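Open the model in your viewer and keep the selection tool ready. The tour goes stop by stop.

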Amino acid sequence: MTEERRLIWRKPVEALNKIAGKQHVPWYFASGFILFWCLLFFGIVIPYFYWLPTALTLEDEGKNVFISECAYRNLYNLSNIGIKISGTDKNEVEAVNFLLSELGKIQDNLQNELFDMEIDRSQASGSFLVNSALRVYQGVQNIAVKISPKNSRSETYLLINSHFDSESGPGAGDAGFMIVTMMEVLRVIATSKQPIQHPIVFLFNGAEEGGLQASHGFITTHRWAPFCKAVINLDAAGSGGRDVLFQSGPNHPWLVEYYKRYIKHPFATTMAEEIFQAGIIPSDTDFRQFKTYGQIPGLDMAQCINGFVYHTKYDTINVIPRESLQNTGDNILGLVRGLANATELNNTAAHRDGHAVFFDFLGVYFIHYSEATGKYINFGVAGTIFILIIVSMWRMANVSHVSYSYIIRWFILLLGIQISSFVLALTLPILISYVMDSFGLSLTYYSTPLLVFGLYVCPSLIGLTVPLTIFFSLQRNDKLSNHYHLQLALHGQAVILALVTVCLTLLDIRSTYIFVIPLGFYATSLVLNLMTILHDLGYAWIVLLKTSQIIPFLYSSYVFYILTVVLIPMGGRTGTSSNPDIIIAALAALGTVLSLGFLVPLINTFRRPSLGIFALLAVTALSVLLACSTQLGFPYRPKTNGQRIAYLEVRNKFYDYDGQLTKDESGYLMMFEDRRREQPLLDSNVNLSGMVSLKSRCERHMMCGMPLINNRCLVHSECSWIPRSEPVEPPQPTTLELLRKTVIEATTLRFEFNLTGPINMRLFIKPEEDVTINNWSFLRTYLDNPPSAGRPYQIYFKYAFDRSPLHFFIELSVKRREPMHNPSSQKLNTEFDVPLFQIGVSAQYIVDEGDDQSKEFASTFPSFSNLEHWPAFYQSFIY
């Protein structure tokens with residue numbers, strides 16, 4: 001372009017810039033700007049998130065589709081059995097009989113000319129090591145159903161798993177929902193004429209809660225297990241919503257391709273997978289057992305909405321709509337049929353090819369690609385952004401008659417301002433969560449999630465807005481128009497996201513795609529503006545920018561709303577040592593930055609942008625006031641949003657080396673499961689007098705000298721003790737019987753024991769410093785990988801259908817000792833006449849309601865308390 005033509009082209013642009021650069025939209029039009037994005041969120045994101053398909057009825061039978069009315073009827077009968085704890089008659093007899101009866105009906109209606117069907121009821125016993133503890137189980141039950149093509153000799157099976165045992169309640173959502181879904185899927189396949197290529201094993205396992213025992217028993221001992229080449233695991237952390245895919249593979253992205261191809265209502269995100277595997281979510285699933293002990297790839301799916309009722313007595317059929325069953329049933333039926341005909345099952349090892357990146361868009365469309373492809377995309381988008389920004393700044397310099405270095409200096413200044421905005425947007429909500437927690441006001445949003453907007457979203461918006469608004473109110477620059485300054489500010493935002501993208505990609509974080517989406521669409525709008533004169537026509541470029549950010553806004557707000565909805569209920573059971581508000585605040589802040597990071601700076605196109613900041617401050621202040629001083633900020637509500645409290649009615653007995661009883665005490669071992677601990681109970685009728693922390697006891701005694709509910713008491717000192725004067729009487733005896741003590745050689749001794757007691761027991765074994773356990777009847781791997789110094793061996797024992805006593809031995813080696821005199825026996829001791837090890841026996845009577853005094857204590861808790869309690873007996877011996 002010649003100089004003459006360049007001047008001709010510049011004149012109209014400069015004329016328009018003089019007009020556009022000096023004019024701002026009236027401030028009251030900002031309300032329309034805000035309203036537009038609110039309508040997108042409440043009119044599209046929320047409805048699509050909660051959308052469920054129409055439930056089909058018995059009138060639709062015969063159409064080869066999932067009928068939610070059939071599943072709902074089965075769920076009604078299964079949940080009405082009550083609490084189905086593994087080892088109780090309700091689980092081992094009533095639930096098993098119900099399932100066998102319904103499966104028998106399906107077998108009676110089988111398409112015999114197409115399929116063979118075999119029902120196998122089995123028991124399993126075994127052990128496995130997890131989290132520095134050994135889990136031992138005996139007689140857990142599985143019901144496995146294999147449906148095969150007629151006369152099939154295939155040795156390649158598809159496994160579908162869920163559990164029917166429940167904890168703390170009927171488990172309509174946790175234990176029953178996926179079970180009845182599996183039964184209805186089996187019914188449809190068995191009674192229709194649509195063929196399958198591979199046999200399908202439906203595993204109804206009877207011991208998942210508290211240990212994942214039945215799935216371990218199946219995958220390690222069952223005759224069909226070696227032929228299972230892929231698994232669909234079905235579980236729940238909520239009740240009555242959509243089913244989310246939150247784990248895949250590992251290293252088998254072809255499974256995600258089948259998910260895309262056959263799922264009717266997709267709901268999945270790699271973010272959920274990485275959050276779950278990072279341990280932020282306090283749960284585990286049978287998927288780990290199949291992956292670890294069977295090397296089986298698969299898909300892990302779960303209910304995740306309304307986690308408030310999870311593992312409570314309110315997890316009933318009343319909170320589950322038929323439409324939810326239809327949604328999951330449609331998905332699982334399609335997926336099972338797809339995978340049952342997958343050629344990849346013939347040789348899954350040949351298709352082992354890295355991780356996948358996957359996510360759905362509003363439940364309408366599912367997107368996935370390989371991790372390697374994701375890295376190319378991430379680096380490509382980041383690199384493109386840098387190039388486009390360089391071109392954009394060259395255009396600014398050319399049109400504004402300034403040097404390129406002049407533009408770069410302003411860009412560096414604005415980049416610094418945007419970095420400060422980015423940091424403030426992320427840290428202000430986290431700071432508020434910290435301050436609220438320091439005043440004992442965590443979880444204020446627990447029953448009123450709308451407070452998240454005022455407490456965390458608005459401060460994040462303030463952080464994004466204030467630095468840039470101050471800059472525009474102070475800067476005076478006739479060489480570079482305001483709209484160019486605004487573009488440079490947005491370029492700064494893009495550079496920040498690009499740098500974050502590059503760093504996270506280098507760290508192999510697949511969830512980096514959430515940064516790439518708004519960045520990619522910003523690049524698209526920038527390309528279109530650069531290709532036209534809009535880039536240089538005042539604020540005309542904003543039209544394309546706003547349009548380009550609609551999809552990123554919809555997706556970012558959608559995925560962070562999902563995470564917030566799922567994680568808020570989990571904050572009520574993460575323990576007292578962690579502050580769940582920080583996680584929710586961080587999610588809200590990150591979601592705000594990604595949803596509105598390219599839009600919030602546009603507030604400076606309106607007159608009086610400070611009014612918007614004051615409005616955000618007012619909303620934040622009002623939210624803090626409501627959270628601190630009104631019932632809206634009180635976390636708990638009866639039935640719907642209860643405070644989880646677990647406690648044991650404990651009897652402790654300690655015996656010395658001579659077998660004498662040295663201590664006998666009773667009391668309540670309290671474990672408050674959320675950050676507020678006992679604070680909400682202080683104004684109630686609950687008698688907490690005498691309550692003390694277990695911390696000092698944990699420092700003095702092995703395993704705190706208590707039948708601990710879990711190791712939070714030990715690791716984080718989260719438990720408290722309330723003594724009581726009246727002894728707790730265990731509902732049944734728990735006996736550790738020393739059968740024999742045998743000297744094997746000069747420094748080696750063998751102890752043999754029998755243990756009898758309730759369905760859940762724990763053994764804690766701690767040898768003295770100069771004593772080594774060199775053999776025992778338990779898993780050898782545990783001896784080869786002992787717990788950390790000072791910690792005892794922990795063995796969790798589970799009875800189910802088989803209640804025969806636990807017989808075990810411990811073989812110890814002792815270093816040579818100097819003979820010592822024992823005043824009580826008046827004789828010299830050998831190596832074996834002194835204490836060698838401690839052993840603690842913890843018995844948990846989880847199906848018993850406790851004695852009258854315990855029942856009276858439970859009745860004093862307020863209506864918003866979700867209680868989980870039972871008697872427990874702890875005995876400590878020295879041998």
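Start with glutamate 257. It is partly exposed, at 27% relative accessibility. Buried here means under 20% relative accessible area, exposed over 50%, and partly exposed in between, with a 1.4 Å probe and protein chains only. Now add arginine 261, which is partly exposed at 46%. The two form a salt bridge, with the closest N and O atoms 3.4 Å apart. A salt bridge is a side-chain nitrogen of Lys or Arg within 4 Å of a carboxyl oxygen of Asp or Glu. Both residues sit in helix α7 (residues 254-262), 4 residues apart, so about one helical turn separates them. Helices (H or I, at least four residues) and strands (E, at least two) are DSSP runs, numbered from the N terminus. An α-helix has 3.6 residues a turn, so residues three or four places apart point the same way.

A word on the model before moving on. It is predicted: local features need pLDDT of at least 70, side-chain atom pairs count only at pLDDT 80 or more, and totals for chains, interfaces and linings use all residues. Residues are numbered from 1 along each chain as its sequence is written, and side-chain values use heavy atoms, leaving out hydrogens and water.

**More salt bridges**

The count by the salt-bridge rule comes to 25. Select glutamate 665 and arginine 697 next. Their closest N and O atoms are 2.6 Å apart, in a salt bridge. Glutamate 665 is in strand β11 (residues 661-672) and arginine 697 in helix α20 (residues 695-700), so the pair ties together parts 32 residues apart in sequence. Glutamate 665 is buried, at 13% relative accessible area. Arginine 697 is buried too, at 8%.

Go to glutamate 849 and lysine 855. Their side chains meet in a salt bridge at 3.8 Å, N to O. Glutamate 849 is exposed at 54%, while lysine 855 is partly exposed at 38%. Then pick Arg740, Arg750, Glu752 and Glu811: salt bridges that share partners join them into one network.

**Isoleucine 744**

Which residues does isoleucine 744 touch, not counting those up to four places away in sequence? Arg750 and Glu811. Contact means heavy atoms within 4.5 Å. Isoleucine 744 lies in strand β14 (residues 735-745) and is partly exposed, at 43%. Add serine 813: C-alpha to C-alpha, it is 9.7 Å from isoleucine 744, though 69 residues away in sequence.

**Helices**

Select helix α6 (residues 213-221). Of its 9 residues, 7 are buried, so the rest of the structure largely encloses it. The buried ones are Gln213, Ala214, Ser215, His216, Gly217, Phe218 and Ile219.

Now show helix α17 (residues 550-570) with helix α18 (residues 580-596). Their axes come within 8 Å and cross at roughly 170 degrees. The two are therefore roughly antiparallel. Contact residues include Phe553, Phe560 and Leu567 of α17, and Ile583, Leu587 and Leu594 of α18. Axes are lines fitted to C-alpha atoms, for helices over the stretch in contact, and angles run from 0 to 180 degrees between N-to-C directions. Under 35 degrees counts as roughly parallel, over 145 as roughly antiparallel, 65 to 115 as roughly perpendicular and the rest as oblique.

**Last stop**

Select valine 435, in helix α12 (residues 404-438). It is partly exposed, at 36% relative accessibility. Add Leu431, Tyr434 and Phe439: with Val435 they make a nonpolar surface patch of about 450 Å². Patches are made of residues with over 30% relative accessible area and no salt bridge; like charges are joined within 9 Å, nonpolar side chains (Val, Leu, Ile, Met, Phe, Trp, Tyr) within 5 Å.

Notes
Areas by Shrake-Rupley, 256 points an atom, 1.4 Å probe, with all protein chains shown as cover.
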